[in-house]
Amino acid sequence: MLVAFSVMVVSFSVLRLTPGDPALAILGDSATLADIEALREKLGLNGSAFTQFIDYAMPLFRGDFGSSIVTDQPVLDLVGASLPVTLQLITLTMVMALTIAVLLAVPAAKYRFGVFGLFFRIGTSMSLSVPVFFSGQLLILLAAIRWDLLPAGGYQAGFPGNIQYLLLPALTACGPLVPILVRVLQSSVIDTMGQAFVETAQVRGLAGPRLVWRYLLRPSLAPTIALSSYIVGSLFGTAVVLELVYNLPGIGTRLLAAVFSRDYPVVQGIVLVMGILVVLVNLVADLLSGWLDPRARAVS
Amino acid sequence: MQARFGLAITLLMVLSSLMVPLLSPYSATGLIGAPLESPGSEYWFGTDNLGRDVFTRTFAAGRVTISLAVVGVLVPLVVGTLLGAMIGTTRSKVVAGFWAALIDGINAFPLIVLIIAIVAVLGPGVTGILFAILMTNWARYARIARARALIVNKAEYIQALQLLGYSRPRIIFRHVVPNTYTETRAYALSDFVIIVITVAGLSFLGLGVRPPDPEWGAMMSEGRLFLRQAWWMIAFPGLALSLTATGVALLVDSRTGGKPIRVGQSEPTVAI
């Protein structure tokens, strides 16, 4: 709750604390004083910092995020039209990344020494360091242009037809995520492997998928879930870049367009929506780890 | 093993960024040949859509990207370390609470989103992105430093110093800051990987360094339009950026011994 409030304050401050007059920046040097004054009023930049904040915060609770100064559309309408694309992209990315990570983590924990381990570590450092706007274009070059498997960009709404447009962007986003997820999950699995209850289960004759899921993976998931919630948050940032590379009409594309047309209410609204979503995701993650690991529930 | 390998790659990229533009027969911004010439013996990395030498441009761009990233790491490192030490040791609940809320508020956003919002007000350009990075990135260091300072502040030797009547600045600078600094310094290296990619990413979005100035992200954003005809316009700046980041990431990996990032204690290393 406190973080949600801080998020609101930060997105409020961005426009105010940054040097330069937004109204002047929009209108240019040739504007008259009266025009500037009118726009300042419209942007909510008049009055003391406190009254400005009240004027900014109160409509938010009624669900009024302001409206675009370019097209006059309410910000929430713009967000509602573009957010589903981004959310589907993020969901698909997380499903793919977590599936691969869960499949790789147990082998990575078992064979962590030797050549495999070394290659794994070097591979992790490398894939962390390749930016998605590079790997994404390489993927377009190979998968879309050379082999013609999937569309190189663009979007058509409607599940499941839109999956083909989201597959390459999601795969690109997985690049740096999978190694981090595997690393964190691997180290928790190593910890769990040393626990007495795993040994007990093995002595009782448990083996195979049941042992791996119930006794190795399930108690090891809490750090991975905490990390996943951080990753989902950072994916909103990644989405801005990916949507440009793959030409997707998501919230990142909307944000960039608003930045270039100096449409401050839209920029501010989108930034706030993203901040709130991140806070919500963290909340869900906390609840989820409690459900998965009874020990965490007992503590809290 | 990793450490030497990483250091070698990093040094190679830094040195060649410094040397190649001086030694190359072509200038980084001069139109020296036919447009979209494939890589060959004349132009090692080919030429771009305007007939500029991609080889020279790639390394000239390295200077810009790397130095922007260094500033974007060092200033927040200093500011965050000091601020975190002060916030962690202050006795005023109001001050501590205010700063903690501000730090959490800033860190709740994906870094690049907040930077984009600030650039929206400042206007695109080098000063815009640098200022935006400085305004947001300190909060990550401050969070780490604050967490450490809170622990140190409870230690007996600090209490002893307080009883001896040492002044607060002296305690902070001589005894708390060295402790918080070891933590933030360790993070700075992995932060460099994030920031170097963020700088290039912002230019790729058209918010940072603008063409015709060479910068890795800006070059790739020009190359995006010629992806089908001239893969080398994207591939070489992209490779240079990835190599630089990999070199530093290997250094980080050797320091942490390949251990995973501790969630909640320090920042996970996810760039855009």
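# Two helical chains in contact

In this predicted model, 52 residues of chain B are in contact with 56 residues of chain A. On the chain B side, the elements that each give two or more residues are α3 (93–108), α4 (111–122), α7 (168–204), α8 (216–224) and α9 (232–256) of chain B. The element that gives the most is α4(B), with eleven residues. Sorted by class, the chain B residues that touch chain A are 37 nonpolar, ten polar and five charged.

How far can the model be trusted? For the model, the scores are ipTM 0.85 and pTM 0.86. In chain B the average pLDDT is 85, and 94% of the residues score at least 70. Among the helices of chain B, confidence is lowest in α1 (residues 2–23), with a mean of 85, and highest in α2 (residues 54–89), with a mean of 92. Residues 262–267 of chain B have a pLDDT below 50, and this stretch has eleven contacts in the model beyond near neighbours in sequence. Where pLDDT is low, the predicted coordinates should not be read in detail.

Next comes the make-up of chain B. Chain B has nine helices and zero strands, so that a walk from the N terminus reads α-α-α-α-α-α-α-α-α. Along its principal axes, the C-alpha trace of chain B spans about 75 × 45 × 30 Å. Of the 272 residues in chain B, 53% are buried. Contacts in chain B with a separation of 6 or more can be sorted by how far apart the two residues lie in the sequence, and 69% of them join residues 24 or more positions apart.

Chain A can be read in the same order. Its elements are 14 helices and zero strands, and from the N terminus on they run α-α-α-α-α-α-α-α-α-α-α-α-α-α. The C-alpha atoms of chain A fill a box of roughly 80 × 55 × 35 Å, taken along the principal axes. Buried residues make up 39% of the 300 residues in chain A. Of the contacts in chain A with a separation of 6 or more, 71% are between residues 24 or more positions apart.

Chain A also has a domain assignment. The assignment gives domain 1, residues 2–61, and domain 2, residues 75–299. The centres of domain 1 and domain 2 of chain A, taken over C-alpha atoms, are separated by 35 Å. Where these two domains touch, eleven residues come from domain 1 of chain A and eight residues from domain 2 of chain A. On the domain 1 side, α1 (2–17) and α2 (22–27) of chain A each supply at least two residues. The element that gives the most to this side is α1(A), with seven residues. By class, the side of domain 1 of chain A that touches domain 2 of chain A has ten nonpolar residues, one polar residue and no charged residues.

One helix of chain A is worth following from end to end. Helix α5 of chain A covers residues 75–110, which is 36 residues. What span should these 36 residues have at 1.5 Å a residue? The expected span is 52 Å, and the end C-alpha atoms of α5(A) are 51 Å apart, which agrees. The helix α5(A) also has a bend of about 40 degrees at S82(A). A proline, P84(A), follows S82(A) within four residues.

The last stop is the backbone at two loop residues of chain A. The first of this pair to visit is N247(A), placed in the loop between α11 (221–245) and α12 (251–260) of chain A. Phi of N247(A) is near 60 degrees, a positive value in a residue other than glycine. Is N247(A) buried, exposed or partly exposed? Around N247(A) there are 14 other C-beta atoms within 10 Å. A buried residue would need 20 or more, and an exposed residue would have 12 or fewer, so N247(A) is partly exposed.

The other residue is R262(A), found in the loop between α12 and α13 (264–292) of chain A. R262(A) is not a glycine, yet it has a positive phi of about 55 degrees. How many other C-beta atoms lie within 10 Å of R262(A)? There are 17. By the cut-offs of 20 or more for buried and 12 or fewer for exposed, R262(A) is therefore partly exposed.

Notes. Residues numbered from 1 in each chain as written. Chains lettered and ligands numbered in written order. Predicted model: local features only at pLDDT ≥ 70, side-chain atom pairs only at ≥ 80, totals over all residues. Contact = placed C-beta atoms within 7 Å. Nonpolar A, V, L, I, M, F, W, Y, C, P; charged D, E, K, R; others polar. Expected span 1.5 Å × (residues − 1). Bend = angle between axes of the 7 residues up to and from the residue. pLDDT = per-residue confidence, 0-100. Domains from an automatic or database assignment.
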